[in-house]
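This report covers the fold, overall dimensions and nonpolar core of one protein chain. The structure is shown first, and the description follows.

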Amino acid sequence: MAKRNNENLSISDALKEFVETNKLEKGLNKVNVADAWANLMGNGVNNYTTAVNLERETLYVQLSSSVLREELSYGKEKIINMLNEELGKVIIKKLVLR
């Protein structure tokens with residue numbers, strides 16, 4: 001059984017501690033990145049997005065439109081910066097559009 005702390009903790013601190021002790025941060029990052037992509041790109045891009053996967057520090061985005069893929073490839077650095085800013089930390093260092 002886990003050791004009990006007699007200190008008062010806020011819920012957010014308790015959840016952060018739980019995530020750290022159980023090594024769940026990678027899984028949460030994957031979910032958060034997918035949500036951030038959906039929020040930042042809007043409906044126009046989301047309609048053509050078929051998959052968003054985070055592996056290590058590389059974000060793989062699968063698109064069903066070759067024209068959209070070409071357009072987004074011109075702004076990869078800006079997209080990476082926007083996503084990292086939305087997430088509050090540097091998670092993505094490379095973006096691969098498929």
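Read from the N terminus, the protein chain of this predicted model runs through the pattern α-α-β-β-α-α-β. That amounts to four helices and three strands. The radius of gyration is 17 Å, well over the 13 Å that the globule rule gives for 98 residues, so the chain is more spread out than a compact globule. The C-alpha trace spans about 60 × 20 × 20 Å along its principal axes.

Of the 98 residues, 27% are buried. The accessible surface is about 7,500 Å², and carbon and sulfur atoms account for 48% of that area. Taking contacts between residues at least 6 apart in sequence, 52% join residues at least 24 apart. As for charge, the mean position of the 14 positive charges lies 6 Å from that of the 13 negative charges.

The largest nonpolar core consists of 19 residues, and W37, L59, L72 and I92 have the most contacts inside it. The elements below each supply at least two residues of this core.

| Element | Residue range |
|---|---|
| Helix 2 | residues 25–46 |
| Strand 2 | residues 58–63 |
| Helix 3 | residues 66–73 |
| Helix 4 | residues 76–87 |
| Strand 3 | residues 94–97 |

Helix 2 gives the most to the core, with five residues.

What does L59 touch, leaving out residues up to four places away in sequence? The contacts of L59 are V33, W37, V52, N53, L54, L83, I92, K94, L95 and V96. Two of these, W37 and I92, are also among the core residues with the most contacts.

Definitions and conventions
Residues are numbered from 1 along each chain as its sequence is written. This is a predicted model: local features need pLDDT of at least 70, side-chain atom pairs count only at pLDDT 80 or more; totals for chains, interfaces and linings use all residues. Side-chain values use heavy atoms; hydrogens and water are left out. A nonpolar core is a set of buried Ala, Val, Leu, Ile, Met, Phe, Trp, Tyr and Cys residues joined through side-chain atoms within 4.5 Å. Buried means under 20% relative accessible area, exposed over 50%, partly exposed in between (1.4 Å probe, protein chains only). Contact means heavy atoms within 4.5 Å. The radius of gyration is taken over C-alpha atoms; the globule rule is 2.2 Å times the number of residues to the power 0.38. Accessible areas come from the Shrake-Rupley method with a 1.4 Å probe; for residues, only the protein chains shown count as cover. Lys and Arg count as positive and Asp and Glu as negative; His and the chain ends are not counted. The place of a charge is taken as NZ of Lys, CZ of Arg, CG of Asp or CD of Glu.
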